[in-house]
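Hi everyone, thanks for coming. Let's have a look at this one together, and please stop me whenever something is unclear.

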Amino acid sequence: MIQDISPSRLDNSFQPHTPQPDSMMMCFRDGRLLAAVSDGAPQFPRYRELAACSKAPVYLFSVDDECFFLSDAAEPDGYTYYTIRELRDQCAGKYLYAAFTAYHLYQWYADNRFCGVCRGEMQHDDKERALVCKDCGRKIYPRINPAVIVGVISEGRILITRYRRGYAHNALVAGFTEIGETLEECVAREVMEETGLRVRNIRYYKSQPWGMAQDLLMGFFCEADGSDAIQMDDHELKSACWCRPDEIELQPQQHSLTNEMMKLFRDTNGKLI
């Protein structure tokens, strides 16, 4: 998955670092990230390559010994603005994970320039990763959206879906957790809403940060309870069907929790436990 960059490691702890000549600079414009793509990996401008910034760069995180900063500097030669989806479709490795995580923070900063209570200007806290209103003191932290990915199983088959809009490849049932809802309740509700199926034996598999949507994805497997007749919500999905392990068509990239769960079902011949 995208976060599997071992032996490299992302350190997201808050640090009072200042940019050095070789620091990686994450420059966004209208949601697109300045990068150069070489041999399937994104490259980002170094601090020494940038012209003067109108604002002080903001420290984001480090990967191994490389520090990454958010910057509004002008575009240097040799780089192009890419959407995160474009980078996802072309790249892999630790710098793609850095791009996803940087986008998550960039979007949070961009969405919270002003206080939602008094409309005062938000400023960076100097002790933790937070924004503080200079007028009323309200403090906010990076937004994370909890969502579930669900592998529904019945008689040696898994439920494969395709979204009505957006991502065009095979997927699993997915959805966001609602207020006052447990993750298990979210699994049951999303499966029912999208496919009309009841489920049982809900069990947790693994989680994944998904910075391009500010999500934390949590994967579950479960079993159809009773009838396995699909009643598809055609507003959300354009297809939903039961597939045996040898019928599964994986996604073209290895980045997603969804793809890993489909691959696990395929490679174990449906015998997950």
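Tyr103 and Tyr106 are both buried. Keep in mind that this is a predicted model. Where do these two tyrosines sit? Both are in helix H2, three residues apart, which is about one turn of the helix.

Now bring in a partner from elsewhere: Phe28 is buried as well, just like Tyr106. In the whole structure there are twelve aromatic pairs. Take Phe28 and Tyr106 as one of them: the ring centres are 4.2 Å apart and the planes meet at 10°, so we call this pair stacked, since planes under 30 degrees apart count that way. This pair ties together distant parts of the chain, with Phe28 in strand E2 (residues 24–29) and Tyr106 in helix H2 (residues 94–111), 78 residues apart.

What about Tyr103 and Tyr106, stacked or tilted? Their ring centres are 5.9 Å apart and their planes are at 45°, so that pair is tilted. Elsewhere, ring pairs join Phe44, Phe61, Phe68 and Tyr95 into a cluster.

Let's move on to an arginine. Arg189 belongs to helix H3, which covers residues 183–195. Is Arg189 buried or exposed? Its relative accessibility is 19%, so Arg189 counts as buried; the cut-off for that is under 20%.

And what does the side chain of Arg189 reach? It reaches the backbone oxygen of Phe176, at 2.9 Å. If we set aside neighbours within four places in sequence, Arg189 is in contact with Phe176, Thr177, Glu178 and Glu181.

That's my tour, so over to you for questions!

Methods:
Residues numbered from 1 in each chain as written. Predicted model: local features only at pLDDT ≥ 70, side-chain atom pairs only at ≥ 80, totals over all residues. Heavy atoms only, no water. Helix = DSSP H or I, 4+ residues; strand = E, 2+ residues; numbered from the N terminus. Buried < 20%, exposed > 50% of the residue type's maximum accessible area, 1.4 Å probe, protein only. Polar contact = N/O pair within 3.5 Å; in protein donor to acceptor, adjacent residues only side chain to side chain. Contact = heavy atoms within 4.5 Å. Phe/Tyr/Trp six-rings, centres within 6.5 Å; stacked < 30°, edge-to-face > 60°.
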